[in-house]
Amino acid sequence: MENPEINHDKLKGRIKEVLGTQSRLATELGIDDTTISNKINSNTYFTQKEILKICSILNISFSNIPEYFFKLKVRENEQN
């Protein structure tokens, strides 16, 4: 499988709900705004440590990690 594109819409919604902005999450993680943007837009990947810290910050249960971090984007011309 070539670089899968991940759907982070649910994560984006949770960030907005809890922190308001991606920039605030970046600050909490100790990374810059560009880095968090690249990760959320599937240009780079979250590390396991980042995922665990984000779950703690955003109060996401570990059982919900796949929904927030590993849901593949479905292309418009493909069916589920």
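These legends go with close-up views of a predicted model.

**View 1. Ser-42, a buried loop residue with positive phi.** Here we're in the loop that links helix H3 (33-40) to helix H4 (48-58), which is where Ser-42 sits. Its backbone is the thing to look at: phi of Ser-42 comes out near 65°, a positive value in a residue other than glycine. For context, most residues other than glycine have a negative phi. Ser-42 has a relative accessible area of 14%, and since buried means under 20%, it counts as buried.

**View 2. Asn-59, an exposed loop residue with positive phi.** Move along to the loop between H4 and helix H5 (65-69) and you'll find Asn-59. Phi of Asn-59 is near 55°, again positive in a residue other than glycine. Is Asn-59 buried or exposed? With a relative accessible area of 64%, Asn-59 is exposed, because the cut-off for that label is over 50%.

**View 3. Pro-4 and its contacts.** Pro-4 belongs to the segment before helix H1 (9-18). Its relative accessible area is 23%, so Pro-4 gets the label partly exposed, the range between 20% and 50%. Which residues does Pro-4 touch, leaving aside those up to four places away in sequence? They are Tyr-45 and Leu-72.

**View 4. Pro-4 and Ser-42 together.** This one brings back two residues from the earlier views. Pro-4 and Ser-42 are 38 residues apart along the chain, and their C-alpha atoms are separated by 8.1 Å. Pro-4 comes from the segment before H1, while Ser-42 comes from the loop between H3 and H4. Pro-4 is partly exposed, whereas Ser-42 is buried.

Definitions and conventions:
Residues numbered from 1 in each chain as written. Predicted model: local features only at pLDDT ≥ 70, side-chain atom pairs only at ≥ 80, totals over all residues. Heavy atoms only, no water. Helix = DSSP H or I, 4+ residues; strand = E, 2+ residues; numbered from the N terminus. Buried < 20%, exposed > 50% of the residue type's maximum accessible area, 1.4 Å probe, protein only. Contact = heavy atoms within 4.5 Å.
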